[in-house]
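Here's a quick look at how this chain packs its nonpolar side chains and where it leaves some open space. Have the model up on screen as you read.

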Amino acid sequence: MEKTVKANGWGARDTSGLLSPLEFTRRATSDRDVQFKVLYCGVCHSDLHMIKDHWGFAHYPMIPGHEIVGVVTEVGSKVQKVKVGDNVGVGVIVDACRKCDQCVNDLENYCPERIDTYNGVLPDGSLTYGGYSDIMVADEGFVIRWPDNFPMDKGAPLVCAGITTYSPLRYYGLDKPGLHVGVAGLGGLGHVAVKFLKAFGTKVTVLDISPDKKSYAIETLGADDFILSNKPAEMEAAAGTLDGILDCVSVFHSLQGLLDLLKPHGKLVVVGLPEKPLELPIFSLTMGRKMMGGSMIGGLKETQEMIDFAAKHNILPEVEIISVDYVNTAMERLARGDVKFRFVIDIGKTLKAG
């Protein structure tokens, strides 16, 4: 029987999504595994959807969290990537088949056999558990080296929110200086996207329904313009001006207005994950030879590239540090959009064993 190690976390037991202390086990450190003490874990909007089974594929008990950073406490005998005492991170996935075309091309995130960091099902039928816990064990191939002197508390969400925005901006060519790119939804994903786009040298317009976010978008983030997307006059005035839009909105919304903002041949890239399917206005798409696409996080090589880029350009999310026993309140606030812009749980100081 494979050896295991005891772990403590906060998890959900059913679709109520109520989180409470849970004791569980992780696998012991094998030859290529890295075990680390979790210091911080970000709270992703998808955590809220998952614990309440909004998408219909939840397994319980569930320990969420895929924005995990900490310090290495043990490494397997064949591990070469990191050593004890190093700072590391783990994002959305912890394994893949490693032999399909996607894996061979460093796109493990699109592997049909990928295993998610939590709510994943391992070959033996057991579940994976996330970072709302005191320790993590992961294969070194799915561990991110954390840059020296780069804050771990503020930086934790980058292993999800960072790569979720960085990867599509790179892949769809919206990272070229001089392009005019829109960011729809100034929340956990959107504000990080603005920071990357400004580092790339693009002109950025933020689209949001909240007028209160305008000064922050322009004065703090450095956005070039701000449009209230629920004001038809403002949307019409900007029609046909954008080369691309990164849609970070995670609730149901209309795509018509966003497509109208694009120039001919413009690209609308969706990374937000609403509970209900969005309607696609085909006429608007075809008339301007516009493109609509999606993106889901990134491979491990690109995630490492993103973290290194963020450290070089001092790109950090805006976060609110919370204790683990505040997490249910945080989920309630997240559901109503009451966070600027990402919660991060101080696991190291507030999660108590037993």
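What follows covers two nonpolar cores and then one pocket.

Keep in mind that this is a predicted model. Let's begin with the largest nonpolar core, which has 58 residues. Inside this core, Leu186, Val194 and Phe196 have the most contacts. Helices and strands both feed into the core: H4, H5, H6 and H10 each supply at least two residues, and so do S10, S11 and S12. Which element gives the most? That's H5, with six residues.

Phe196 is worth a click. Setting aside neighbours within four places in sequence, Phe196 is in contact with Gly162, Thr165, Tyr166 and Leu169, and also with Met306, Phe309, Ala310 and Ile315.

There's also a second, separate core, this one of 44 residues. Among its members are Ala7, Val34, Ile345 and Leu351.

Here are the two cores side by side:

| Core | Residues in core | Some members |
|---|---|---|
| Largest nonpolar core | 58 residues | Leu186, Val194, Phe196 |
| Second, separate core | 44 residues | Ala7, Val34, Ile345, Leu351 |

Now for the open space. The second largest pocket holds about 650 Å³, and 25 residues line it. Which of them lie nearest its centre? Those are Arg27, Leu122, Ser126, Leu127 and Thr128. Strands S2 (19–27), S6 (93–95) and S8 (135–139) each put at least two residues into the lining, with S8 making the largest contribution at four residues. As for chemistry, the lining of this pocket splits into 11 nonpolar, five polar and nine charged residues.

Note on methods. Residues are numbered from 1 along each chain as its sequence is written. This is a predicted model: local features need pLDDT of at least 70, side-chain atom pairs count only at pLDDT 80 or more; totals for chains, interfaces and linings use all residues. Side-chain values use heavy atoms; hydrogens and water are left out. On a 1 Å grid over the protein atoms alone, a cavity is a set of points where a 1.4 Å probe fits but cannot get out, and a pocket is an open set with protein on both sides within 12 Å along at least five of seven lines; lining residues have an atom within 4 Å of a point. Grid points are joined across faces, edges and corners, and a volume is the space filled by probe spheres set on the points. Ala, Val, Leu, Ile, Met, Phe, Trp, Tyr, Cys and Pro count as nonpolar, Asp, Glu, Lys and Arg as charged, and the others, Gly among them, as polar. A nonpolar core is a set of buried Ala, Val, Leu, Ile, Met, Phe, Trp, Tyr and Cys residues joined through side-chain atoms within 4.5 Å. Buried means under 20% relative accessible area, exposed over 50%, partly exposed in between (1.4 Å probe, protein chains only). Contact means heavy atoms within 4.5 Å.
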